[in-house]
Amino acid sequence: MPHVRLDEVTKVFRPRSRRDSPVTAVDRVSLDIERGEVFAVIGYSGAGKSTLVRLINGLEPVTSGVVEIDGVPISALPARALRRQQQGIGMIFQRFHLLRSRTVAKNVAYPLEVVGTPRAEREARVAELLEFVGLAQKAAAYPEQLSGGQQQRVGIARALAAKPSLLLADEATSALDPETTAEVLDLLGRVNRELGVTVVVITHEMEVVAQVADRVAVMDAGRVVEHGSTYEVFTAPQTPTAQRFVRTVVRALPEGEELAALRAAHEGRFFTISFSDAGASEARVFGALARAGVDFNLVHGGVDDIRGRVYGLLTIAVRGPEEAVAAALAQVGPGVQITETGR
Ligand SMILES: Nc1ncnc2c1ncn2[C@@H]1O[C@H](COP(=O)(O)OP(=O)(O)OP(=O)(O)O)[C@@H](O)[C@H]1O
Ligand SMILES: [Mg+2]
């Protein structure tokens, strides 16, 4: 049974005045999120990502369709049962949403106070959580005395206080610089691996997806237009929306004017080289060409790391007699695709 299941979920916001029209924020979305995975939802502003999250934790009622958590249709639960379900779901936010007048420890303790956890148990849990997020030294500090990354780590500790099995992160790193983002993503990875928590990451940053997500769904105008393993979607995006996102982190092949400019600058025939297997590398390709005595140079592309797997996409210009080039390319070996770049 999936941890989260969405079946034909639609959310329509009714207009406040008669001059406005209704907004379909989420449009017939069906998705399964498996227990223990890191699942990312990506899409442009207004695509419906935050609304989707609010439907998953029951903060918004669905207009139609079903949201199930562990097989329980939360979209049909009465208020009290819904609140009990929501205790199994943690949430972190872009702006951290910490209470300024409370210390770090008291912020983390807050959800436990709300449900009436006895004091001794609460304090032990808070100490354990602050240890886990690496902020034991900051227990008595106030949020404004912390950096953005530290504040988000407090947010994560607080979200974990009630031992949720599902953590929803809505743009949790969007307010952070790249280095701090990496730190927070590392922590989310540990939450997933060490605590077995299912993590749903909402983001418009592809780097975030590449670093942490097992699978990704791409949203566009309320619909999920594409989903699959991060590697699949990154190396072979099917929809224009996914292609535009992927291009921000994974190099695409040069085309149009860019390709024309490269041809003007480099002599020889152009070849596209791609590899995704462990063991394949640009060094092996270049080595084979060099050993065959073919003159070549790299004109475009590079090698990316997607969720720990290699993906290389290179364009080279090759000069030499046709047979020598063919023989050299034939020696490159398995796991590498080579095709001549069309004109
Ligand atoms: N409470 C609401 N009332 C009316 N319309 C809403 C409400 N919440 C969201 N919307 C509309 O629903 C659509 C989706 O909004 P949503 O916030 O889910 O997008 P998003 O993908 O999270 O965008 P962003 O990346 O900017 O956070 C938008 O057109 C938005 O204006
Ligand atoms: Mg949003």
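A polar contact is a pair of N or O atoms within 3.5 Å. In the predicted model, such a pair links S45 to ligand 1: a polar atom of the S45 side chain lies 2.5 Å from an oxygen atom of the ligand. Backbone atoms also approach ligand 1. An N or O atom of the A47 backbone is 3.2 Å from a ligand oxygen, and a polar backbone atom of G48 is 3.0 Å from an oxygen atom of ligand 1. On its own, ligand 1 has 630 Å² of accessible area, of which the protein covers 60%.

The shell around ligand 1 consists of F13, V23, A25, Y44, S45, G46, A47, G48, K49, S50 and T51. By class, five of these residues are nonpolar, five are polar and one is charged. Two or more residues of the shell come from each of β2 (23–33) and α1 (49–56). The largest contribution is that of α1, which supplies three residues.

Strand β2 also belongs to an open sheet of four strands, arranged in the order β2-β1-β4-β5 with antiparallel pairing. Because β2 and β5 (72–73) each have a single partner strand, they stand at the edges of this sheet, and one side of each is left without a neighbour in it. The partner of β2 is β1 (residues 4–13), and seven bridges join these two strands in the antiparallel sense. Within this pairing, V4 is located opposite I33 of β2. Helix α1 lies across β1, β2 and β4 (64–69), and its direction makes an angle of about 120° with β1. Thus α1 and β2, the elements that give two or more residues to the ligand shell, are also in contact with each other, as α1 lies across β2.

A further open sheet contains four strands in the order β12-β13-β11-β14, again with antiparallel pairing. Its edges are formed by β12 (295–306) and β14 (336–340), each of which pairs on one side only. From one strand to the next, the twist averages 15°. Strands β12 and β13 (residues 309–319) run antiparallel and are joined by 11 bridges; F296 has V318 in β13 as its bridge partner.

Two helices lie across strands of this sheet. Helix α11 (residues 282–291) lies across β11 (269–275), β12, β13 and β14, and runs at about 165° to β12. Helix α12 (residues 322–330) lies across β11, β13 and β14, with an angle of about 5° to β11.

Terms used
Residues numbered from 1 in each chain as written. Chains lettered and ligands numbered in written order. Predicted model: local features only at pLDDT ≥ 70, side-chain atom pairs only at ≥ 80, totals over all residues. Heavy atoms only, no water. Near = heavy atom within 4 Å. Polar contact = N/O pair within 3.5 Å; in protein donor to acceptor, adjacent residues only side chain to side chain. Areas by Shrake-Rupley, 256 points an atom, 1.4 Å probe, with all protein chains shown as cover. Nonpolar A, V, L, I, M, F, W, Y, C, P; charged D, E, K, R; others polar. Pairing = 2+ DSSP bridges. Contact = heavy atoms within 4.5 Å. Axes fitted to C-alpha atoms, helices over the stretch in contact; angles between N-to-C directions.
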